[in-house]
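Thank you all for making the time this morning. I would like to walk through one structure slowly, for those who have not seen it before, so please have the sequence and the model open as we go.

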Amino acid sequence: MPPIVEISALRKAYANGFEALKSVELQIEEGEILALLGPNGAGKTTLISTICGITTATSGTVRVGGHDTVSDFRAARAMIGLVPQEINLEPFERVHNTVKFSRGLFGKSPDNALIEKILRQLSLWDKRNSQIRELSGGMKRRVLIAKALSHEPRVLFLDEPTAGVDVELRRDMWEIVAELKKAGVTIILTTHYIEEAEAIADRIGVIAHGEILLVEDKDKLMARMGKKELEVQLSAPITALPERLKSDAVRLSDDGSAIIYTYDTMGERTGITTLLSEISASGLVLRDVVTRQSSLEDIFVGLLEGDAS
């Protein structure tokens with residue numbers, strides 16, 4: 001089955017010479033959740049805007065469900081739902097009408113049952129007759145999500161959907177995402193909450209300076225680039241590492257109560273057995289042993305700093 005989103009040699013440059021996107025190549029599989037991570041100004045929103053037809057590419061192609069987003073824009077755009085960062089809603093319109101109208105814009109026939117289901121999922125049903133201007137910022141963001149889902153898209157873009165919102169909305173959002181994934185909807189997510197990407201994404205993409213640094217299965221990425229720390233807690237603190245323990249992979253905790261060893265999970269040997277033998281030979285007594293796996297955030301920061309390979 002071909003990818004549902006195919007991006008080839010996509011470039012966006014401005015008159016002043018700034019390149020927001022630099023020959024981006026990306027394929028997104030149907031039904032997956034792709035988390036796109038990158039610092040502010042990396043090109044995440046520009047990429048999403050270009051795929052959705054809001055921004056015009058300088059060169060390159062984008063196909064959604066086999067439809068070219070330029071030559072067959074209407075068919076391609078009908079497959080896409082977008083939850084943008086910015087809240088841009090008609091302040092005097094009522095919630096129910098706003099969501100219902102959005103469905104109609106895509107040529108979909110009225111479906112009051114579906115609209116009710118979406119509004120209930122997002123805890124908006126009690127607010128259905130309220131004007132947008134009467135809602136809180138979090139409720140307005142819920143309306144944006146409802147609008148994006150109203151025409152039953154096969155590809156859903158979530159551009160920082162939970163930035164600055166309450167915990168309840170974040171929980172509701174991820175419950176809906178889980179349901180959509182079960183229904184086969186493809187979801188592309190940008191977020192500053194890296195723990196969310198780690199929790200729900202199938203693949204991780206990292207973008208910086210308009211270039212895709214990598215796109216990889218989340219679990220494989222964390223296994224390949226993640227490191228583990230073994231913390232050997234001592235029965236009594238020491239002031240310095242014994243000479244036989246000194247190496248780039250071993251350090252002493254700030255309070256001298258633990259020896260911390262960093263090792264590669266993909267290595268043929270972890271070196272733990274040797275380390276423990278050397279600790280014992282140094283006359284140190286163990287109190288406890290704890291391991292920690294590096295997080296997706298650690299990997300992300302390392303990539304951006306150029307420390308990971």
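Let me begin with a term that I will use throughout: a residue is called buried when its relative accessible area is under 20%, exposed when that area is over 50%, and partly exposed in between. By that convention Lys 181, with a relative accessible area of 31%, is partly exposed. I should also say at once that what you are looking at is a predicted model.

Let us start with the sheet. Four strands make up an open sheet in the order S2-S1-S4-S5, and the pairing is antiparallel. At the edges stand strand S2, residues 19-28, and strand S5, residues 67-68; each of them has a single partner strand, so one side of each is left without a neighbour in the sheet.

Moving inward, S1 and S4 run antiparallel and are joined by five bridges, and in this pairing Val 5 has Val 64 of S4 as its bridge partner. Strand S4, which covers residues 59-64, then pairs with S5 over two bridges, again in the antiparallel sense. Val 64 appears here too, with His 67 in S5 as its bridge partner, while Arg 63 is partnered by Asp 68 of S5. S4 and S5 form a hairpin that has two residues between them, and Gly 65, in the turn, has a positive phi of about 60 degrees.

What lies across these strands? Helix H1, residues 44-51, lies across strand S1 (5-13), S2 and S4, and runs at about 65 degrees to S2.

Now to the salt bridges, of which the count comes to eight; I will go through some of them. Arg 11 forms one with Glu 19, where the closest N and O atoms are 2.6 Å apart. Where do these two stand on the scale of exposure? Arg 11 is partly exposed at 29% relative accessibility, and Glu 19 is likewise partly exposed, at 27%.

Further along the chain, Asp 202 forms a salt bridge with Lys 181, with 2.9 Å between the closest N and O atoms. This pair links distant parts of the chain, since Asp 202 is in the loop between helix H7 (194-200) and strand S9 (203-208), whereas Lys 181 is in helix H6 (residues 167-182), 21 residues apart. Asp 202 is partly exposed, at a relative accessible area of 26%.

Another salt bridge is the one in which the side chains of Arg 244 and Glu 278 meet, at 2.5 Å from N to O. Arg 244 lies in the loop between strand S11 (227-234) and strand S12 (250-252), and Glu 278 lies in helix H9 (residues 272-281), so this pair ties together parts that are 34 residues apart in sequence. Glu 278 counts as partly exposed, at 24% relative accessibility.

Let me turn to the rings. How many aromatic pairs does a search of the whole structure find? The search finds one, and it is formed by Tyr 14 and Phe 18, which are stacked, with 6.4 Å from centre to centre and 20 degrees between the planes. Tyr 14 is partly exposed, with a relative accessible area of 40%, and Phe 18 is partly exposed as well, at 47%. The ring of Tyr 14 has a further neighbour, because the charged end of Lys 12 sits over that ring, 4.9 Å from its centre. A comparable arrangement is found at Trp 125, where the charged end of Arg 128 sits over the ring, 4.1 Å from its centre.

Finally, helix H3, residues 95-105. Which of its residues are buried? They are Val 95, His 96, Thr 98, Val 99, Ser 102 and Arg 103, and these buried residues pack against helix H4 (112-121) and helix H5 (137-149). Just after H3 comes Gly 107, which takes a positive phi of about 75 degrees. On the other side, in the loop between strand S6 (80-83) and H3, we find Glu 90, which is partly exposed with a relative accessible area of 48%. The C-alpha atoms of Glu 90 and Leu 21 are separated by 31 Å, and these two residues are 69 residues apart along the chain.

Methods:
Residues numbered from 1 in each chain as written. Predicted model: local features only at pLDDT ≥ 70, side-chain atom pairs only at ≥ 80, totals over all residues. Heavy atoms only, no water. Buried < 20%, exposed > 50% of the residue type's maximum accessible area, 1.4 Å probe, protein only. Contact = heavy atoms within 4.5 Å. Phe/Tyr/Trp six-rings, centres within 6.5 Å; stacked < 30°, edge-to-face > 60°. Lys NZ or Arg CZ within 6 Å of the ring centre and 35° of its normal. Pairing = 2+ DSSP bridges. Axes fitted to C-alpha atoms, helices over the stretch in contact; angles between N-to-C directions. Salt bridge = Lys/Arg side-chain N within 4 Å of Asp/Glu carboxyl O.
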